[in-house]
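User: I would like a close look at one part of this model, namely how its neighbouring helices pack against one another and which residues make the contacts. Please take me through it slowly, in connected prose.

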Amino acid sequence: MACVLEASSFQSTRDISCRWPSGSALRLGRRYLGEEHPRVWGMLNNLALGLKRQEKFDEAEEYYLQAIVLERRLFGDENPRVAVTLNNLAKLQLAKGDAATAVSTFREAREVSEQAFGVESPGYAYTSSGLASALIAVG
């Protein structure tokens, strides 16, 4: 099951609308695969990303939060997947104007990135860059 992209003629990803086939892939995934299946985690992340691109920030944030809880259960607190999703959540928080919360989330993402990748990694540097942007936004 996948997101069906609808676009007549688009210039950017903001012009793409995303709708789920009838029955909702996430609901069906949870029903047939179980609440704690890795594919359900992937669906949560993909749905959050699609909603973020549509600037439906509050809905996207809820799916990122659900994905993080499931990731930690499935993969552990220091897994690279957790770092990436925390970073994505922080970027979303910054985009919706909640810089103070984004700072906290970027800091958590950076801690996990350090454990998962090490301080010399691109993942750690990327998260540190996001943290710097959030700190500038806070003032």
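Analyst: What follows goes through the helix packing pair by pair and then turns to a few single residues. The model is a predicted one, and the description below should be read with that in mind.

A word on the terms helps at the start: two packed helices are described by the angle between their axes and the distance between the axes. Take helix α2, residues 38-53, together with α3: their axes come within 8 Å and cross at roughly 155 degrees. Angles over 145 degrees count as roughly antiparallel, and α2 and α3 are therefore roughly antiparallel to each other. The crossing by which α2 passes α3 is left-handed. On the α2 side the residues that meet α3 are P38, V40, W41, L44, N45, L47, A48, L49, L51 and K52, while α3 contributes F57, E59, A60, Y63, Y64, Q66, A67, L70, E71, L74 and F75. By character, the residues of this contact between α2 and α3 divide into 16 nonpolar, two polar and three charged.

Q66, one of the α3 residues that meet α2, can be looked at on its own. With 23% relative accessibility, Q66 counts as partly exposed, because buried is kept for values under 20%. Between the C-alpha atoms of Q66 and A48, which stand 18 residues apart along the chain, the separation is 9.7 Å.

The next pair is α3, residues 57-75, with α4, residues 80-95, which pack at an angle of about 165 degrees with their axes 10 Å apart. By the angle between them, α3 and α4 are therefore roughly antiparallel to each other, and their crossing is left-handed. From α3 the contact draws on F57, A60, E61, Y64, L65, A67, I68, E71, R72 and F75, and from α4 on R81, V82, T85, L86, N88, L89, L92, Q93 and A95. The residues of this contact of α3 with α4 divide into 12 nonpolar, three polar and four charged.

A83 also has its place in helix α4. At 1% relative accessibility A83 counts as buried, and, once residues up to four places away in sequence are set aside, A83 touches A109, V112, S113 and F117. The C-alpha atoms of A83 and Y124, although 41 residues apart along the chain, are separated by 9.1 Å.

These contacts lead on to helix α5, residues 99-117, whose 19 residues should span 27 Å at 1.5 Å a residue; the C-alpha atoms at its ends are 25 Å apart, which agrees. Within α5 the buried residues are A99, A102, V103, T105, F106, A109, V112 and S113. An α-helix has 3.6 residues a turn, so residues three or four places apart point the same way. The buried residues of α5 pack against α4 and α6, the latter running over residues 122-138. Just after α5, G118 takes a positive phi of about 95 degrees.

S113, found in helix α5, brings several of these elements together. S113 is buried, with a relative accessible area of 1%, and, leaving aside its neighbours within four places in sequence, S113 is in contact with A83, G118, G123, Y124 and T127. Among these partners, A83 belongs to α4, whereas G118 is the residue with the positive phi just after α5.

Technical notes: Residues numbered from 1 in each chain as written. Predicted model: local features only at pLDDT ≥ 70, side-chain atom pairs only at ≥ 80, totals over all residues. Heavy atoms only, no water. Axes fitted to C-alpha atoms, helices over the stretch in contact; angles between N-to-C directions. Helix = DSSP H or I, 4+ residues; strand = E, 2+ residues; numbered from the N terminus. Parallel < 35°, antiparallel > 145°, perpendicular 65-115°, else oblique. Left-handed = near helix turned anticlockwise from the far one by under 90°. Contact = heavy atoms within 4.5 Å. Nonpolar A, V, L, I, M, F, W, Y, C, P; charged D, E, K, R; others polar. Expected span 1.5 Å × (residues − 1). Buried < 20%, exposed > 50% of the residue type's maximum accessible area, 1.4 Å probe, protein only.
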